[in-house]
Amino acid sequence: RRGQRQRILQVIGLAYPITDRGVMHGSYGHFFQIPPFEYLYTDPEFEVYDQDLQTRMGNANLEPQKTVIYEIGLQQQLSEDISLDITGFFKNIRNLLGVELHETYIGSRYARYVNRDYGNVRGITITLEGRYSQYLYSSIDYTYQIAEGTSSDPDAAFYDATANRETEKYFVPLDWDQTHTINTTINFSIPQKGGVSLIGRYGSGFPYTPSFEGIRVASENSAR
C-alpha cells in the first residue's frame, strides 16, 4: 500500500491439538514498512514558496510504519476429505503518514510529512478445503473485515488546510477497506502429465470520498 516498501517482520506462531482432528492455532507478529522515498525527499532543497500553503516538504527522519497482528483460530477435519479453518484477526497500525503545518518567520506556512496517523483492522476468515481424489482439489475462503483509521491519504490534512476545512477527528474507512472477500480454487491434475486450475475472486466495493467538480461534498471515504 502507498507504494513499494521494504518489509521487515518478526512473527511467533503456536499450534496445539485439541482432538485427533482439531488444532487450535495462534500467531503474534510485528511488521515494519519503510515509507516510500517520495515522502522522504519531497522538496529536497527545503524551498518554501511565498504563497501561503503551497509547499509540501519531505522528512528523512520518518519512522517505518508498524503493524502488530494478532490471530487465533481453529482448524477442524470434518471428514476424510474436507477440512474447515476459522481464524479471527486484529491489526494495530501505527506511524501512518500525515502532515503537520509550520510557519516561517515571514508568515508563510508549509506542510511537512510526519508519522501521525493510526488505524486498525479486525475481521474473520473462514476457509473450507476438500480433496476428493488424488486428481481433484478445491477450496473456498470468505473474509469479513473492517479497516478504519484517522486518515488514508498522507496529504489529507494539507488539503483540508488549503480549503479552510477542519480535519476529521474520528475514524474513517481506510482506502483498502474491503468488507467482504471471497476466493475460490478448483484444481484438477494428473501426476506427471499436467493439470488445470480455475481461480475466482469476488470483493465488495472500496470506499471513496464523494466530490462534485473537484470539491468534496461529504466526509472522507463515506461512500463505496
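Six aromatic pairs are found in this predicted model,. One of them joins Tyr-118 and Phe-171, whose ring centres are 5.7 Å apart and whose planes meet at 40°, a tilted arrangement. Tyr-118 belongs to strand E6, while Phe-171 sits in the loop between H2 and E8, so this pair bridges distant parts of the chain, 53 residues apart,. Phe-171 is partly exposed, at 35% relative accessibility.

Have a look next at Tyr-135 and Phe-188, which form a tilted pair as well, with 6.3 Å between the centres and 45° between the planes. Here too the pair links distant parts of the chain: Tyr-135 is in the loop between E6 and E7 and Phe-188 is in strand E9, 53 residues apart. Tyr-135 has a relative accessible area of 33%, which means that it counts as partly exposed, and Phe-188 is likewise partly exposed at 39%. Elsewhere, ring pairs connect Tyr-28, Tyr-70 and Phe-90 into a cluster.

Tyr-135 and Phe-188 also lead us to the surface. Both belong to a nonpolar patch of about 720 Å², made together with Tyr-132, Leu-136, Ile-186, Ile-190, Val-196 and Leu-198. Why can Phe-188 take part in such a patch? Patch residues need over 30% relative accessible area, and Phe-188 qualifies because its value is 39%. Strands E9 (180–190) and E10 (194–203) each provide at least two of the patch residues, and E9 gives the largest share, with three.

From the surface, we can turn inward. In soluble globular proteins, nonpolar side chains tend to be buried together. The largest nonpolar core in this model has 11 residues: Tyr-39, Leu-40, Leu-53, Leu-62, Leu-97, Val-99, Ala-111, Tyr-113, Ala-157, Phe-158 and Ala-161. At least two residues each come from helix H1 (37–40), strand E5 (82–103), strand E6 (109–131) and helix H2 (156–162). The largest share is that of H2, which supplies three. Apart from this core lies another one, of seven residues, including Phe-89, Val-121, Leu-174 and Trp-176.

Three of the residues named in that other core reappear around Gln-145, a residue of strand E7 (136–149). Which residues does Gln-145 touch, leaving aside those up to four places away in sequence? They are Phe-89, Val-121, Arg-122, Gly-123, Trp-176, Asp-177, Gln-178 and Thr-179. Gln-145 is buried, with 14% relative accessible area.

Next to Gln-145 in the numbering is Ile-146, also in strand E7. Ile-146 is partly exposed, at 24% relative accessibility. With residues up to four places away in sequence again left out, Ile-146 touches Asn-120, Val-121, Arg-122 and Asp-177. Asn-221 is 75 residues from Ile-146 in sequence, and their C-alpha atoms are 13 Å apart in space.

Arg-122 and Asp-177, both in contact with Gln-145 and with Ile-146, bring us to the charged side chains. The model has five salt bridges. In one of them, the side chains of Arg-122 and Glu-148 meet at 3.6 Å, N to O. Arg-122 is in strand E6 and Glu-148 in strand E7, so this bridge ties together parts 26 residues apart in sequence. Both partners are partly exposed: Arg-122 has a relative accessible area of 34%, and Glu-148 has 23%.

Asp-177 makes a salt bridge with Arg-224, where the closest N and O atoms are 2.5 Å apart. Asp-177 lies in the loop between strand E8 (172–173) and E9, and Arg-224 in the segment after strand E12 (215–216), so the pair connects parts that are 47 residues apart in sequence. Are these two partners buried or exposed? Asp-177 is buried at 3% relative accessibility, whereas Arg-224 is partly exposed at 47%.

Our last stop is the salt bridge between Asp-155 and Arg-56, with 3.3 Å between the closest N and O atoms. Asp-155 is in the loop between E7 and H2 and Arg-56 is in strand E3 (residues 56–57), so parts that are 99 residues apart in sequence are tied together here. Asp-155 is buried, with 9% relative accessibility, while Arg-56 is partly exposed, with 29%.

Technical notes. Residues numbered from 1 in each chain as written. Predicted model: local features only at pLDDT ≥ 70, side-chain atom pairs only at ≥ 80, totals over all residues. Heavy atoms only, no water. Patch = residues over 30% accessible without salt bridge, like charges linked within 9 Å, V, L, I, M, F, W, Y side chains within 5 Å. Areas by Shrake-Rupley, 256 points an atom, 1.4 Å probe, with all protein chains shown as cover. Salt bridge = Lys/Arg side-chain N within 4 Å of Asp/Glu carboxyl O. Helix = DSSP H or I, 4+ residues; strand = E, 2+ residues; numbered from the N terminus. Buried < 20%, exposed > 50% of the residue type's maximum accessible area, 1.4 Å probe, protein only. Contact = heavy atoms within 4.5 Å. Core = buried A, V, L, I, M, F, W, Y, C linked by side-chain atoms within 4.5 Å. Phe/Tyr/Trp six-rings, centres within 6.5 Å; stacked < 30°, edge-to-face > 60°.
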